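Me: Please take a close look at one part of this model, and then follow the chain outward from it. I would like one connected answer, with each term explained as it comes up.

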Amino acid sequence: MFRFYSGLKSIHFSLLLSILFFSQFSDAQKLSGKEINDLAKHKFPEAISNLTSFLKLPNDGHFEKQIQQNLQWCDSVFSKLKFRTQVIKTDGAPLLLAEKKVAPKAKTILFYLQIDGQPVDTTKWNQQNPFLPVFKEIDDKNKWTIIKSDMPEKEFNPDWRIFARSASDSKGPAMSLVSALQILQDRNIEPTFNVKVIMDFQEEMGSPSLPKAVMQNRKVLAADMLYIMDGTRHLSNLPTLTFGARGIATATLKVFGPRYPLHSGQYGNFAPNPVFGMAKLLASLKDEQGRVTLQGFYKGIELSEKDKLQLNSVPEKLENIKNRLGIASIDQVGSTYQEALQYPSLNIRGLNAAWTGDGVRTIIPSEAVAEIDMRLVPESDGERLMQLLKEHILNQGYHLVDSIPTEEERKKYSKLASFTYRLGSQPFRTEMDSPIGEQLGRAMRKVFGDGFIKMRTTGGSQPIAPFIQTLGIPAVSIRIPNPDNNIHSPNENLRLGNFLEGIITCLAILDEPLK
């Protein structure tokens with residue numbers, strides 16, 4: 001007997017009644033919301049087992065063996081679903097394309113799946129191995145404790161979580177789609193549109209080979225729209241559709257001091273410390289309200305009253321967000337959280353100079369390093385913004401060197417720095433009232449009523465621009481994981497209730513005709 005808890009309600013399924021279970025559904029192509037929910041719940045124990053098996057495969061995109069193991073696993077899964085699979089060779093890691101045609105003239109939806117995950121430090125995880133998934137529940141001391149069985153086969157609570165690398169980012173979302181496709185196959189139901197699935201095995205490395213691969217394979221990848229199975233839900237944890245993503249550009253800034261670290265007693269008051277120069281330089285990048293001071297940084301961004309109404313229809317309260325984050329005030333870029341996401345940002349993502357903690361030393365460091373990231377929106381150009389930053393550094397009196405200062409440069413310039421940058425994923429935005437938005441809206445309302453979120457953009461970045469620009473198609477991100485999932489960090493997890501709702505979401509989308 002399988003029991004699914006939801007609040008005070010529980011639903012019992014008997015494996016011995018499977019035939020009777022499936023006979024209750026009509027032969028009509030379009031499923032009702034109740035049918036979709038019941039089918040997903042019936043499939044859920046198997047879906048959990050499949051996800052657990054998938055998560056046991058290490059998936060760091062830096063290692064070819066791990067890429068191949070995951071590629072073969074995915075190839076096997078989609079082959080069993082009667083998809084035609086094709087390995088797309090690139091300059092780096094291969095891509096895997098799976099395709100099922102229902103009719104030559106039917107429209108095509110392309111699904112993007114991220115299969116790789118962030119590198120792991122096993123010493124930081126509260127379990128034996130990040131690739132040995134465990135199920136946990138929160139105890140009365142607000143701590144996550146392991147549920148005794150390896151997999152709750154008979155019963156589970158939707159608030160239980162599976163802890164493993166890539167549980168949320170993004171094997172859980174990928175398996176939500178796979179599980180929905182398996183349900184349709186079990187029911188002998190075909191979508192009314194052609195389905196393509198592209199699998200990326202180096203997303204966490206910035207998908208370096210993706211743009212060229214899309215360009216070279218634009219015919220086989222051709223589609224009418226793109227659904228991205230990646231990204232975290234809104235803070236409310238309601239099912240979420242995100243119609244855009246910010247791009248990213250990164251930079252490394254070094255401010256040079258003495259040729260080598262100096263004893264602070266012997267040379268303090270004499271040799272300038274580069275940390276003070278770096279501190280002044282970084283402080284000059286934002287004003288007291290948290291707005292970037294680079295002239296023209298926010299150029300071209302105008303939010304109409306319609307935009308603001310749409311943005312602020314998302315159910316969130318400023319005070320609740322501040323309390324959640326543990327902050328007393330916010331940067332004055334936009335008047336709400338949703339409005340703030342519509343602007344480019346400048347962030348110091350890392351600082352380094354000498355030693356701290358147990359290794360601290362009384363020295364004047366030889367250099368200070370700042371790692372910077374900018375999040376980009378469609379109205380902003382990463383190249384232009386990085387040039388603005390470079391000009392600002394020069395205007396602060398710094399002489400920029402290519403790498404390490406030469407002897408001549410050390411003698412001539414009192415302010416020495418190096419500045420390098422890289423452009424990453426580009427931003428995108430899809431109109432919410434477009435055909436892709438309408439199809440998704442119909443599907444979501446069927447299973448969730450009004451209990452879902454439509455966001456204009458997300459603060460994070462996704463390597464989707466090559467598809468949008470090369471294939472000329474709109475894109476929307478289907479958000480499944482819980483917002484408190486520790487992605488990119490130790491103890492990454494996926495709430496089981498979110499995984500179930502992910503399957504329900506994918507099944508509703510696959511069953512909803514395109515108009």
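**The second largest pocket and beyond**

Reply: The second largest pocket encloses about 560 Å³ of space. Of the 24 residues that line this pocket, those closest to its centre are Phe256, Gly257, Pro258, Pro272 and Ser414. Here a pocket is an open set of points on a 1 Å grid over the protein atoms alone where a 1.4 Å probe fits, with protein on both sides within 12 Å along at least five of seven lines, and lining residues have an atom within 4 Å of a point. The volume is the space filled by probe spheres set on the points, which are joined across faces, edges and corners.

The model is predicted, with local features needing pLDDT of at least 70 and side-chain atom pairs pLDDT 80 or more, while totals for chains, interfaces and linings use all residues. Residues are numbered from 1 along each chain as its sequence is written, and side-chain values use heavy atoms, leaving out hydrogens and water.

Strand S14 (247–256), helix H8 (274–283) and helix H13 (407–412) are the elements that give two or more residues to the lining of the second largest pocket, and H8 gives the most, with five residues. (Helices, H or I of at least four residues, and strands, E of at least two, are DSSP runs numbered from the N terminus.) By type, the lining of this pocket divides into 13 nonpolar, five polar and six charged residues.

Following the chain on from H8, we come to Ile301, which lies in the loop between H8 and helix H9 (305–311). With a relative accessible area of 8%, Ile301 is buried, a word that stands for under 20%, as against exposed for over 50% and partly exposed in between, using a 1.4 Å probe and protein chains only. Leaving out residues up to four places away in sequence, Ile301 touches Gln342, Tyr343, Pro344, Val377 and Glu379, where contact means heavy atoms within 4.5 Å. Ile301 and Gly460 are 159 residues apart in sequence, and their C-alpha atoms are 18 Å apart in space.

In another helix, H14 (residues 435–448), we find Gln439, which counts as buried because its relative accessibility is 0%. Beyond its neighbours within four places in sequence, Gln439 is in contact with residues including Ile109, Phe193, Tyr227 and Glu512.

Notes
Ala, Val, Leu, Ile, Met, Phe, Trp, Tyr, Cys and Pro count as nonpolar, Asp, Glu, Lys and Arg as charged, and the others, Gly among them, as polar.
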